[in-house]
Amino acid sequence: MGARILIVEDDADINEIIAVRLARQGHTCTQAYSGTEGIMRLGGELAHAGGATETADEKRADLPYDLVICDLMLPGATGEELIGALRARDAGLPVIVISARTSTTDRIDLLKLGADDYLTKPFDLDELAARVEVQLRHRAPRASGLGDAREHASRGASPSGSLNFRSWRLDANARTFTACGEPVALTRIEFNLLEKLMEQPKRAWSKQDLFEAAWGEPYAGDDSTVTVHMSNIRAKLKSSGTDAYIKTVWGIGFKLSEE
């Protein structure tokens, strides 16, 4: 079954060729031509939607898409504003940014904001389509059954898919994570990184190993990508006092700290 994809791009030609290419793969595309229209199609003023008592599932219930592709320099609300508003509503919805901005600083800022992937213009349509499939594959719910039980047993987790480390609890099947009993909203990449660390908490993981496990792609040699996501995770854990659980191993990567 195809996915529901929102394309937010003010260049009508680029918007159209993306929609046509993804439709060929069986996806249903909705096209928006400004940041304001993108926010409207995502359900209105996302940054202010919902009350403080909403659960994570209730927040996500009214989001009608499985993935968002957006430019940054948009009329009305900017791409950054759209992503920020969306992330306040749903930490897990995949977002692929397409932009003419090429600097490392721009890419790092987008990763900090919560983008899952980034392609610079001009881009190859086949590459974009492949990256869409990667994001959707990781977002798909994990199938339950004997295969999952064997997989989790082999890496030290219970058949239910749960992982525990100190005051952290991670449920790989439900894709939920709590610190000191409080839920923490994580992006897909952030969740994958913590899951990998918790599978073998005594191991020092290289940035290459973490990247390939979290993104499901060959490592491109960009150390800053993993570092930025780890920084985002630590920031989210700060209120629980568990941000120090993640230890930087200089010259290697990251591991969990028992101290």
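Where does proline 122 lie? Proline 122 lies in the loop between S5 and H6. The views below show this loop and other parts of a predicted model, in which local features need pLDDT of at least 70, side-chain atom pairs count only at pLDDT 80 or more, and totals for chains, interfaces and linings use all residues. Residues are numbered from 1 along each chain as its sequence is written, and side-chain values use heavy atoms, with hydrogens and water left out.

**View 1. A cis peptide bond joins lysine 121 and proline 122.** Omega of this bond is about -5 degrees. Proline 122 belongs to the loop between S5 and H6. Helices (H or I, at least four residues) and strands (E, at least two) are DSSP runs, numbered from the N terminus. Lysine 121 also forms a salt bridge with glutamate 9, at 2.9 Å from N to O. A salt bridge here is a side-chain nitrogen of Lys or Arg within 4 Å of a carboxyl oxygen of Asp or Glu. The two residues are 112 apart and link distant parts of the chain. Lysine 121 sits in the loop between strand S5 (117–120) and helix H6 (125–139). Glutamate 9 sits in the loop between strand S1 (4–8) and helix H1 (12–24). Glutamate 9 counts as buried because its relative accessibility is 1%. Buried means under 20% relative accessible area, exposed over 50%, and partly exposed in between (1.4 Å probe, protein chains only). Glu9, Asp71 and Lys121 are linked in a network of salt bridges.

**View 2. Arginine 21 and aspartate 126 form a salt bridge between helices H1 and H6.** Their closest N and O atoms are 2.9 Å apart. Arginine 21 is in H1 and aspartate 126 is in H6, 105 residues apart, so the pair links distant parts of the chain. Arginine 21 is buried, at 16% relative accessibility. Aspartate 126 is partly exposed, with a relative accessible area of 48%. Side chains of opposite charge can pair when their charged atoms come close. The salt bridge count comes to eleven.

**View 3. Glutamate 127 and arginine 131 form a salt bridge within helix H6.** The closest N and O atoms are 2.8 Å apart. The two residues lie four apart, about one turn of the helix. An α-helix has 3.6 residues a turn, so residues three or four places apart point the same way. Glutamate 127 is partly exposed, with a relative accessible area of 34%. Arginine 131 counts as buried, at 19% relative accessibility.

**View 4. Four strands make an open sheet with the order S6-S7-S8-S9.** Pairing in this sheet is antiparallel. Two strands pair if DSSP finds at least two bridges between them. The edge strands are strand S6 (162–165) and S9, each pairing on one side only. Helix H8 (residues 188–199) packs on the sheet and touches S6, S7 and S8. Contact means heavy atoms within 4.5 Å. The direction of H8 makes about 110 degrees with that of S7. Axes are lines fitted to C-alpha atoms, for helices over the stretch in contact, and angles run from 0 to 180 degrees between N-to-C directions.

**View 5. S7 and S8 form a hairpin with four residues between the strands.** The strands pair in the antiparallel sense over four bridges. Aspartate 171 has threonine 176 in S8 as its bridge partner. Tryptophan 168 stands opposite alanine 179 in S8. Arginine 175 lies in the loop between strand S7 (168–171) and strand S8 (176–179). Its phi is near 60 degrees, a positive value in a residue other than glycine. Arginine 175 is partly exposed, at 28% relative accessibility.

**View 6. S8 and S9 form a hairpin with two residues between them.** Two bridges join these antiparallel strands. The bridge partner of threonine 178 is proline 183 in S9. Cysteine 180 is in the loop between S8 and strand S9 (182–183). Cysteine 180 has a phi near 55 degrees, a positive value in a residue other than glycine. At 46% relative accessibility, cysteine 180 counts as partly exposed. Side chains alternate along S8. Phe177 and Ala179 point to one face and are buried, while Thr176 and Thr178 point to the other and are not.

**View 7. Helix H9 (residues 207–215) has buried residues on one side.** Lys207, Leu210, Phe211, Ala214 and Trp215 are buried. They lie on the same side of H9 because they cover an arc of only 100 degrees around the axis. The arc is that of the directions from the helix axis to the C-beta atoms. Just after H9, glycine 216 takes a positive phi of about 70 degrees.
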